[in-house]
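Thanks for making the time this morning. I would like to walk you through a few side-chain contacts and surface features, so please have a look at the structure before I go on.

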Amino acid sequence: MEVNIRGDKLVVTKALKDYITEKLSKLDKYFEEVAKIKASVIIRVKNDEEIIEVTVPTSKFTLRAEEKHSDLYAAIDLVVDKLERQIRKNKTKLNNKYKNILQFDLNTDTEVEEDLAKIIKRKNITTKPMDEEEAILQMELLNHDFFVFKNVDEECVSVIYKRKDNDYGIINVK
């Protein structure tokens with residue numbers, strides 16, 4: 001796996017690069033064509049926390065995980081464990097859907113329980129045309145993390161959502 005490491009307001013040392021590359025190589029066993037996989041790692045500091053974000057795009061799906069910790073090396077260990085858990089948890093679904101990308105020969109002592117996600121509730125909504133500011137207000141009044149509305153400015157259906165940094169994001173469906 002090729003690993004591209006970038007520091008945001010942080011200098012990435014050779015020792016740090018080697019550590020990240022070594023830890024991410026644990027994921028190589030899950031991919032058949034490892035040479036084609038290019039992981040992107042972004043390291044940044046916010047307040048007293050070290051944040052590492054790892055994105056592993058493949059031709060069919062993308063793995064992504066982010067971890068925060070006061071110790072960067074601990075955050076690296078946690079993010080790799082999180083990525084491995086994502087793969088192991090969804091191994092059956094991924095194997096069935098993308099047979100040529102992943103290989104799962106997991107003969108380990110600890111077996112992860114498969115948590116089969118299912119749709120337990122379905123809602124039909126009626127949307128009224130509004131601008132983004134009104135949608136934010138509606139979302140806040142409902143105390144939700146996201147809100148679906150007809151965007152009069154973009155002339156499409158949009159989803160506005162609250163980000164981890166307490167700003168807002170918007171997804172437009174054309």
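Lysine 174 counts as exposed, at 76% relative accessibility, in what is, I should say at once, a predicted model. The side chain of lysine 174 meets that of glutamate 154 in a salt bridge, with 3.8 Å from N to O. This pair links distant parts of the chain, since lysine 174 lies in the segment after E8 and glutamate 154 in the loop between strand E6 (146-151) and E7, 20 residues apart. Glutamate 154, for its part, is partly exposed, with a relative accessible area of 34%.

Strand E8 itself, residues 168-173, holds isoleucine 171, and this residue joins Val157 and Val173 in making a nonpolar surface patch of about 230 Å². Isoleucine 171 can belong to such a patch because its relative accessible area is 45%, which makes it partly exposed, and patch residues need over 30%.

Going back to salt bridges, a search of the whole structure finds 14 of them. One of these joins glutamate 84 and lysine 29 at 3.6 Å, N to O, and it connects helix H2 (residues 72-89), where glutamate 84 sits, with the loop between H1 and strand E2 (38-46), where lysine 29 sits, 55 residues apart. Glutamate 84 is buried, at 11% relative accessible area, whereas lysine 29 is partly exposed, at 47%. Both residues also take part in a network of salt bridges that links them with Lys26 and Asp81.

Methods:
Residues are numbered from 1 along each chain as its sequence is written. This is a predicted model: local features need pLDDT of at least 70, side-chain atom pairs count only at pLDDT 80 or more; totals for chains, interfaces and linings use all residues. Side-chain values use heavy atoms; hydrogens and water are left out. Patches are made of residues with over 30% relative accessible area and no salt bridge: like charges are joined within 9 Å, nonpolar side chains (Val, Leu, Ile, Met, Phe, Trp, Tyr) within 5 Å. Accessible areas come from the Shrake-Rupley method with a 1.4 Å probe; for residues, only the protein chains shown count as cover. A salt bridge is a side-chain nitrogen of Lys or Arg within 4 Å of a carboxyl oxygen of Asp or Glu. Helices (H or I, at least four residues) and strands (E, at least two) are DSSP runs, numbered from the N terminus. Buried means under 20% relative accessible area, exposed over 50%, partly exposed in between (1.4 Å probe, protein chains only).
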